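Got the viewer open? Here is a walk through the fold, one selection at a time.

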Amino acid sequence: MADVEFAFSAPAPESASISTFSPLAMGLALGLLAAVVGGRPALAADLENGFASAAPIAPASSASAHWNYILPQSWQTAYPACASTSQSPINIDTTAISGTAGSSNLYSLSSYTPAAALSVRNTGHGLQVDASPAGALGSLSLSGVTYNVLQFHLHFPSEHTVDGAPMLGEMHIVHQKSGSTGLNDLLVVGVFFQAGTDHPLLTQMGLPSGAPTTSAETMPITGAAISLADMFQGQLQGSFYHYEGSLTTPPCSETVKWFVLENTATASYAQAKAFMATQGATDNSRPVQLRNGRPLVKGVTSVTGMNISADLVECASPVA
Ligand SMILES: [Zn+2]
């Protein structure tokens, strides 16, 4: 597949950022703060798993503290980076887009491969599918750099918002630069779900029925091998919003290149409701964070395919 230079145009000065908080998160009563348990080094494959399930309160013994979505504003107590200035998610203010990025869409840059024998895991903070063995789900190539898919996971409702509006849900496909370790050099592709029909990938993940309901529980995925390219072709072929941000969960490391896709997929209310049931009947979305002057740019590919490069026109499909 053709590669492109992702040379972002110079940003224009931006106006005030927006600070909005998830109504669902804010609607929850203040609760217990995190208990601290013994930890281990953070690995990218562990993103958002919260280092296992809730445990009885134990003496602080490491930097790995439990956390939850009851009071995300408290994460910074144990994870100082969560209070830093380049955090995610953000509200995608389409009036603040300062330029364009790249000359192609992510589908043309992807080498996502079908993977069988995967499992879905209840991390205690979501449902996650790890690339197993490593590299099983393929990669994305940007400016000659390969980013391998480590895992993908779900958030309901969405974490990013567009012009202030949240979506039903959001999938994060977490990639890491080839050769990098820990939480360094991450790239996350975000795919929105709007309310509609069941999404087939979520169905395979056990939504609305069959998903692991308790933390640390896993379930084998059955059915056809999973191809992210096939599952999200219409979304990947559209445009994207790009900015530099962070993990949306502790430790909130500011090591993430975000690509949030403009074209949305659909998931059903039944799937969203079933997902929340696996998370103790709560959401798992961090409130949007201040943009603080970070450039927000948009991919040049139009949703009608007008700007898709010639070699991709044949595989461009109408956007549902
Ligand atoms: Zn996520």
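Start by selecting S10 and S11 in this predicted model: the two strands pair in the antiparallel sense, with eight bridges between them. To pin down the register, pick Val174 and its bridge partner in S11, Val188.

Stay on S11, residues 186–195, and bring up what surrounds it. Eight of its ten residues are buried, so the strand is largely enclosed by the rest of the structure. Add S14 (residues 256–261) next: S14 runs parallel to S11, and five bridges join the two. Gly190 has Val260 of S14 as its bridge partner. Then add S15, which is also parallel to S11, this time over three bridges. For a marker there, take Phe193 with its bridge partner Ala265 in S15.

Now click Val188 again and look at the company it keeps. Leaving out residues up to four places away in sequence, Val188 touches His172, Ile173, Val174, His175, Val256 and Trp258. In the largest nonpolar core, which has 68 residues, Val188 is one of the four members that touch the most others, together with Leu106, Ile173 and Met205. Which strand gives this core its largest share? That would be S11, with seven residues. As background, nonpolar side chains in soluble globular proteins tend to be buried together.

Next stop: helix H7, residues 269–277. Show Gln271, Ala272, Ala274 and Phe275, which are buried. Look down the axis of H7 and you'll see these buried residues fall within an arc of 165°, so they line one face of the helix. What do they pack against? Four strands and one helix are there to select: S5 (127–130), S7 (145–155), S10 (169–177), S15 (265–267) and helix H4 (200–204).

From that list, take S5. Leu127 and Val129 point one way from the strand, Gln128 and Asp130 point the other way, and every one of these residues is buried. Show S4 (residues 119–122) beside it: S4 and S5 pair in the antiparallel sense through three bridges, and Asn122 has Leu127 as its bridge partner. The two strands form a hairpin with four residues between them. In the turn, check the backbone of Gly124, where phi is positive at about 90°. S5 also pairs with S7, again antiparallel and over three bridges; for a handle on that pairing, select Asp130 and Gln151 of S7, which stand opposite each other.

Helix H4 is next, and the residue to click is Gln204. Is Gln204 buried or partly exposed? It counts as partly exposed, because 18 other C-beta atoms lie within 10 Å and a residue is called buried at 20 or more. Beyond neighbours within four places in sequence, Gln204 is in contact with Ile221, Gly223 and Ile226. Try a distance label from Gln204 to Ile221: C-alpha to C-alpha they are 6.1 Å apart, with 17 residues of separation in sequence.

For a longer hop along the chain, go to Ala96 in the loop between S1 (91–92) and S2 (99–101). Ala96 has 20 other C-beta atoms within 10 Å and is buried. Select Pro295 as well: 199 residues separate it from Ala96 along the chain, yet their C-alpha atoms are 8.5 Å apart.

While you're around S1, show the open sheet of three strands, ordered S1-S8-S9 with mixed pairing. S1 and S9 (165–166) stand at the edges with a single partner strand each, so one side of each has no neighbour in the sheet. S1 runs parallel to S8 (residues 161–162), joined by two bridges, and Ile92 stands opposite Val162 of S8.

Last stop: color by pLDDT. The chain has a mean of 80, and 74% of its residues reach 70 or more. Over residues 1–41, however, pLDDT is below 50, although the model gives this stretch 91 contacts beyond near neighbours in sequence. Residues 48–63 also stay under 50, with 37 contacts beyond four places in sequence. Where pLDDT is low, the predicted coordinates should not be read in detail.

Notes: Residues numbered from 1 in each chain as written. Buried ≥ 20, exposed ≤ 12 C-beta atoms within 10 Å, placed from the backbone. Arc of directions from axis to C-beta. Contact = placed C-beta atoms within 7 Å. Pairing = 2+ DSSP bridges. Core = buried A, V, L, I, M, F, W, Y, C linked by C-beta atoms within 7 Å. pLDDT = per-residue confidence, 0-100.
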